[in-house]
Amino acid sequence: MASVMDVNANGTSTPDVRNTASLGDQEKGMISKGDDLGSLKNSCDIMLKKKKKRRNQANPPVTMSEMNDMLLQNCASLLAMKPRWSSVHDEKLLDIKAMIKNAPIVRADRELHVPAFRNISMFKRSYDLMERTLKIYVYKDGSKPIFHQGPLKGIYASEGWFMKLMEGNRQYTVKDPKKANLFYLPLSSRNLELSLYDSNLHSKQNLVDHLESYVDGIAAKYPFWNRTSGADHFLVASHDWAPYETRRALRNTIRALCNADITDGFKIGKDVSLPETYIRVPRNPLKDLGGRPANARPILAFFAGQMHGPTRPILVQHWSNKDPEMKIFGPMAPTGDKGKPDYIKYMKSSKYCLCPRGYEVNSPRVVEAIFFECVPVLMSDNYVPPFFEVLNWDAFSVTVEEKDIPRLKEILSSISKKRYLELQNGVKKVQQHFIWHNKPVKYDLFHMILHSVWFNRLNQIRR
């Protein structure tokens with residue numbers, strides 16, 4: 001199989017040169033000599049536009065196989081823009097990239113589930129080098145609550161938990177930005193929406209403008225943004241609108257997004273698919289972790305939720321009250337309501353937990369299923385699963401195209417008992433990568449997000 005480390009991120013369309021007041025004469029000269037990328041064609045973007053047009057015309061979606069091809073074929077390499085002036089960090093990262101590509105072979109590991117990774121050898125080497133090398137500068141600029149404050153409860157909690165743990169971290173953060181090889185923009189996309197969106201105007205333009213003003217301020221105050229047009233910067237955003245809000249001013253950054261839609265600007269190999277985690281008890285994010293053993297799960301498939309988007313109503317129409325093994329519901333009362341079905345108990349007692357898209361491609365059920373040790377069934381065309389660049393989702397999940405909802409039971413019933421046990425064991429093994437801890441531990445969700453950002457940045461570095 002081709003090496004994922006050979007995959008470069010999608011590049012930029014034109015150089016994004018902002019304020020140069022803080023730069024030296026040599027650095028300004030290097031900006032003026034920068035490559036003019038405006039005339040180049042981005043073959044990957046052209047392909048994605050065609051895919052989106054096909055989808056809108058009721059043609060086949062981008063399949064998981066095609067996403068794998070996009071990751072492995074390095075389709076965006078034409079526009080990988082070189083920094084406008086050199087940095088000692090770039091040379092070190094190039095050396096690290098070579099070390100990862102030539103990682104010693106790992107065939108078994110006591111801490112990691114080997115089948116769950118595209119290349120366990122490269123992941124182990126990359127993670128080890130990240131722990132020893134990665135240094136991040138966290139911008140202090142920006143006012144609360146849009147910056148430096150994020151939700152720690154509910155479905156948008158991923159951005160809040162990462163922000164909290166990143167800003168309180170001592171291992172990876174540095175106070176001197178000159179020592180950093182990555183830069184974190186502590187943005188809360190949820191609080192941006194809550195603070196600035198006016199439902200009477202039916203426009204998100206002021207949210208976009210606010211982020212552009214923020215980036216202009218960063219570029220005017222520091223030289224680091226201008227060196228790479230933001231390519232060595234990253235953000236973590238949970239809200240559905242984040243792809244739209246960030247696709248202009250922050251288009252070159254590494255964007256960790258829950259709404260990871262390959263047909264709506266998500267760049268495989270550059271952006272990171274962020275797990276959408278539903279945190280019920282912030283003081284104890286591990287509350288209710290786990291589920292019944294594989295041989296004590298009598299329900300074949302379970303779903304309950306609001307009728308958001310076009311897919312869920314079709315699922316409920318086909319399967320609600322149609323088959324005793326298929327527990328498919330509409331909205332379900334929260335856990336603890338007397339006399340009401342218990343959502344968590346259903347997930348803990350089901351073999352497969354269905355994860356259909358809502359209005360957007362992402363769903364918190366993907367991580368919930370893993371949390372409760374239920375095999376997730378991804379039912380969201382064009383969705384890039386979390387940590388796609390390193391994880392092999394075939395080892396612990398099932399993918400069902402939206403058009404195959406009428407065949408859902410046939411598809412799940414055709415999976416052998418042996419294969420189901422392998423999948424369920426895979427879920428239990430990867431669970432460690434999808435949970436938050438009040439104090440981060442090795443290979444947990446905080447570190448997996450950080451690693452994917454690091455890994456994708458390495459893929460962009462070129463001589």
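The following exercises, each with a worked solution, concern the fold and the cysteines of a predicted model.

**Exercise 1.** Determine how many helices and strands the chain holds, and what percentage of its residues count as buried.

*Solution.* Begin with the secondary structure, where the chain shows 16 helices and 10 strands. Then turn to accessibility, for which 57% of the 463 residues count as buried. Finally, consider the contacts between residues at least 6 apart in sequence, of which 74% join residues at least 24 apart.

**Exercise 2.** Find which cysteines form a disulfide, and state where in the chain each of them lies.

*Solution.* A search of the whole structure returns 1 disulfide, and the partners are Cys353 and Cys374, whose sulfur atoms are 2.2 Å apart. The angle about the S-S bond is 110°, and the link is right-handed. As for location, Cys353 belongs to strand E8 (residues 350–356), whereas Cys374 sits in the loop between helix H13 (365–371) and strand E9 (375–379), so that the pair, 21 residues apart, links distant parts of the chain. Checking burial next, Cys353 has a relative accessibility of 0% and counts as buried, and Cys374 is likewise buried, with a relative accessible area of 0%.

**Exercise 3.** Explain why Cys355 has no bond to the closest cysteine sulfur, and decide whether Cys355 is buried or exposed.

*Solution.* The closest cysteine sulfur to that of Cys355 is in Cys353, at 6.8 Å, which is too far for a bond, because a disulfide requires sulfur atoms within 2.5 Å. Cys355 has a relative accessibility of 3% and therefore counts as buried, the cut-off being under 20%.

Technical notes: Residues numbered from 1 in each chain as written. Predicted model: local features only at pLDDT ≥ 70, side-chain atom pairs only at ≥ 80, totals over all residues. Heavy atoms only, no water. Helix = DSSP H or I, 4+ residues; strand = E, 2+ residues; numbered from the N terminus. Buried < 20%, exposed > 50% of the residue type's maximum accessible area, 1.4 Å probe, protein only. Contact = heavy atoms within 4.5 Å.
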